[in-house]
Amino acid sequence: MGAHGWRSARLVFVVCGYLAFFFGELVPRAEAGCRGRESPNCCTGRNNECFEYSKRKTVCYCDTYCQKTGDCCEDYQRVCQISAAIDCVVGSWGSWSSCTAPCGVGSTERSRLVSVPPRNGGTPCPDLKQRRGCFGNNAICSTAKEVAKILPDSFKRNFKDPWRRPHMLMKEEKASYCVYLRVKQASAACKLKLWSAQLVRERLVCAECQSDAMSKSNRCGGDGLESTRTFWAAASVPGCHGSWVRESSSEGCRCPPYSVLFV
């Protein structure tokens, strides 16, 4: 190759070098980040798999959680078009509910509503419910404290008072009523007698309130409360006692044989 050929080749190399530099400055290099991810480019919440590499070949993220950790890719805002994080806003607490137990230890709670839900990785909502203990003291609590005294129905069935003189006025006979109670607890001493041994846990018992056992309010003491545990004791079996819950009652009725009576 002659001198003229070498000069031409050198000129070509110089021109190519200038062109490469010129286009390198004017044409931006491909930007690494969220745009380079396969669909989807961006992810909601916290997703450790939603990452890409930055220009410096370091790991950056394209999930909304990266706004908190500060490791978003450079093009995150532009590509994902995510607005600023919005924190949760809640309203004021409501009033406390009534005590769950009309008598004794129970619980009460209050709640509040969400005014503005969190978005774009904002602060999550705090607790929306609170609960605390309470002690119920309803008007029926005095009734709940009554202890029913019971006997087998054989004690009063067709009973006639041998001491009543013929001229003595008989007490007004009031219509009896029946109460059906579910036994919740019975002491070991109840097994000593045949009739009280039937008072076992979860057994439904019919207890009859007859006229002689009624108080001035026309009811028998300790005849129970619905959905509330009350207590009973067997009058003829020392140490036999327990608790039950009233399920229903019936006016003007008689309990079947082998039931119990209020005394």
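**Exercise 1. The second largest pocket**

Which strand gives the most to the lining of the second largest pocket? Give the volume and the make-up of the lining as well.

*Solution.* Start with the ground rules. This is a predicted model, in which local features need pLDDT of at least 70, side-chain atom pairs count only at pLDDT 80 or more, and totals for chains, interfaces and linings use all residues. Residues are numbered from 1 along each chain as its sequence is written, and side-chain values use heavy atoms, with hydrogens and water left out.

Step 1: fix the terms. On a 1 Å grid over the protein atoms alone, a pocket is an open set of points where a 1.4 Å probe fits, with protein on both sides within 12 Å along at least five of seven lines; lining residues have an atom within 4 Å of a point. A volume is the space filled by probe spheres set on the points, which are joined across faces, edges and corners. Strands are DSSP runs of E, at least two residues long, numbered from the N terminus.

Step 2: read the volume. The second largest pocket holds about 230 Å³ of space. Its lining has 14 residues, and Trp195, Gln198, Tyr258, Ser259 and Val260 are the closest to the centre.

Step 3: name the strand. Strand 9 (residues 204-209) contributes 3 residues, the most to this lining.

Step 4: sort the lining. It splits into 9 nonpolar, 3 polar and 2 charged residues. Here Ala, Val, Leu, Ile, Met, Phe, Trp, Tyr, Cys and Pro count as nonpolar, Asp, Glu, Lys and Arg as charged, and the others, Gly among them, as polar.

**Exercise 2. Strand 9 and its partners**

Place strand 9 among its neighbours, then follow the pairing onward from strand 8.

*Solution.* Step 1: check burial. In strand 9, 5 of the 6 residues are buried (buried is under 20% relative accessible area, exposed over 50%, partly exposed in between, with a 1.4 Å probe and protein chains only).

Step 2: list the pairings of strand 9. Two strands pair if DSSP finds at least two bridges between them. Strand 8 (residues 177-186) runs antiparallel to strand 9, with 6 bridges. Leu181 stands opposite Val205, and Arg182 has Leu204 as its bridge partner. Strand 12 (residues 260-262) runs parallel to strand 9, with 2 bridges. There, Glu208 is matched with Leu261.

Step 3: move on from strand 8. Strand 8 also pairs with strand 11 (residues 241-251), antiparallel, over 9 bridges. Val183 has Trp244 as its bridge partner in strand 11.

Step 4: leave strand 9. Gln210 sits in the loop between strand 9 and strand 10 (229-234). Gln210 counts as buried because its relative accessible area is 10%. Gln210 and Tyr177 are 33 residues apart in sequence, yet 6.9 Å apart in space, C-alpha to C-alpha.

**Exercise 3. Rings**

How many aromatic pairs are there? Describe the pair of Phe51 and Tyr53, and find a charge over a ring.

*Solution.* Step 1: count. There are 4 aromatic pairs. Rings of Phe, Tyr and Trp (its six-membered ring) pair if their centres lie within 6.5 Å; planes under 30 degrees apart are stacked, over 60 edge-to-face, the rest tilted.

Step 2: describe the pair. Phe51 and Tyr53 are edge-to-face, 6.0 Å centre to centre, with 90 degrees between the planes. Phe51 is partly exposed at 29% relative accessibility, and Tyr53 is partly exposed at 38%.

Step 3: extend. Ring pairs link Phe51, Tyr53 and Tyr61 into a cluster.

Step 4: find the charge. Arg132 lies over the face of Trp96, 3.9 Å from the ring centre (the rule asks for NZ of Lys or CZ of Arg within 6 Å of the centre and within 35 degrees of the ring normal).

Notes:
Helices (H or I, at least four residues) and strands (E, at least two) are DSSP runs, numbered from the N terminus.
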